[in-house]
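Trainee: I would like a close look at a single part of this model. Please describe how it is packed and which side chains take part.

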Amino acid sequence: MIEWVSLGDGVRPVPEPVATPLVWIAAFSGALVLVVSLNTVVGPDRPGLALIGLSLMAVVLSLCARFTAAPGTAVLCWLFLNGFAIPPAGTLTWAGDRDTYWLACLFGAALVGTAAARLAHARAAYRRLTAGGGPGTEDWPYDG
């Protein structure tokens, strides 16, 4: 008799990343809250501080995301940085070097967060798999 076994059952050594649309929703709402709160507390003419805050938020959001979410996360954070952290508020502009640098910083932050999470998960999975010994290692080393 044939017994069907689902390959998806059981414990996964590496956790499943969060769906990309959920990460983008969190990036949209988090960037909105961060930029509005920074504009309220510090003032609207502090894009450096907003860039640091949004980069840290991109790193934190990317800890549970896929690599494919990084470009969208960076662009959403940049939209709020460019649209609301520099005067005039609500107007998107493109200043070549400045905006390229901002996008590169935000994209790099998202990639660093995702890569760090993947590396940490892989190391933890390797430790879990090797600590259990696995099948066939019961009598290793052989004492004779």
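Mentor: This is a predicted model, and the aromatic residues offer a convenient entry to the part in question. W94 is exposed, because its relative accessible area of 53% is over the 50% cut-off. W78, by contrast, has a relative accessible area of 11% and is buried, as the limit for that class is under 20%.

The packing of two helices comes next. Helix α1 spans residues 20–41 and helix α3 spans residues 70–84; their axes lie 9 Å apart and enclose an angle of about 25°. That angle makes α1 roughly parallel to α3, since angles under 35 degrees fall in this class. The crossing of α1 past α3 is right-handed.

On the α1 side, the contact is made by V23, W24, A27, F28, A31, L32, V35 and N39. Their counterparts in α3 are G72, T73, L76, C77, F80 and F84. By residue class, this contact comprises eleven nonpolar and three polar residues, with no charged ones.

At the start of the α1 range, T20 lies in the helix. T20 is buried, because its relative accessible area of 13% is under 20%. Leaving aside residues up to four places away in sequence, T20 touches R66, T68 and A69.

The aromatic rings deserve separate attention, for the structure holds three aromatic pairs. In one of them, the ring centres of F28 and F80 are 5.1 Å apart and the planes stand at 70°, so the pair is edge-to-face. F28 belongs to helix α1 and F80 to helix α3, so this pair ties together parts that are 52 residues apart in sequence. The two partners fall in separate accessibility classes: F28, at 44% relative accessibility, counts as partly exposed, whereas F80, at 8%, counts as buried.

W78 and W94 form another edge-to-face pair, with 5.7 Å from centre to centre and 65° between the planes. W78 lies in helix α3, while W94 lies in the loop between α3 and α4 (96–131), so the pair ties together parts that are 16 residues apart in sequence. Here a buried residue, W78, is paired with an exposed one, W94.

Finally, ring pairs link F28, F80 and F84 into a cluster. These three residues also appear in the contact of α1 with α3, F28 from α1 and both F80 and F84 from α3.

Technical notes:
Residues numbered from 1 in each chain as written. Predicted model: local features only at pLDDT ≥ 70, side-chain atom pairs only at ≥ 80, totals over all residues. Heavy atoms only, no water. Axes fitted to C-alpha atoms, helices over the stretch in contact; angles between N-to-C directions. Helix = DSSP H or I, 4+ residues; strand = E, 2+ residues; numbered from the N terminus. Parallel < 35°, antiparallel > 145°, perpendicular 65-115°, else oblique. Left-handed = near helix turned anticlockwise from the far one by under 90°. Contact = heavy atoms within 4.5 Å. Nonpolar A, V, L, I, M, F, W, Y, C, P; charged D, E, K, R; others polar. Buried < 20%, exposed > 50% of the residue type's maximum accessible area, 1.4 Å probe, protein only. Phe/Tyr/Trp six-rings, centres within 6.5 Å; stacked < 30°, edge-to-face > 60°.
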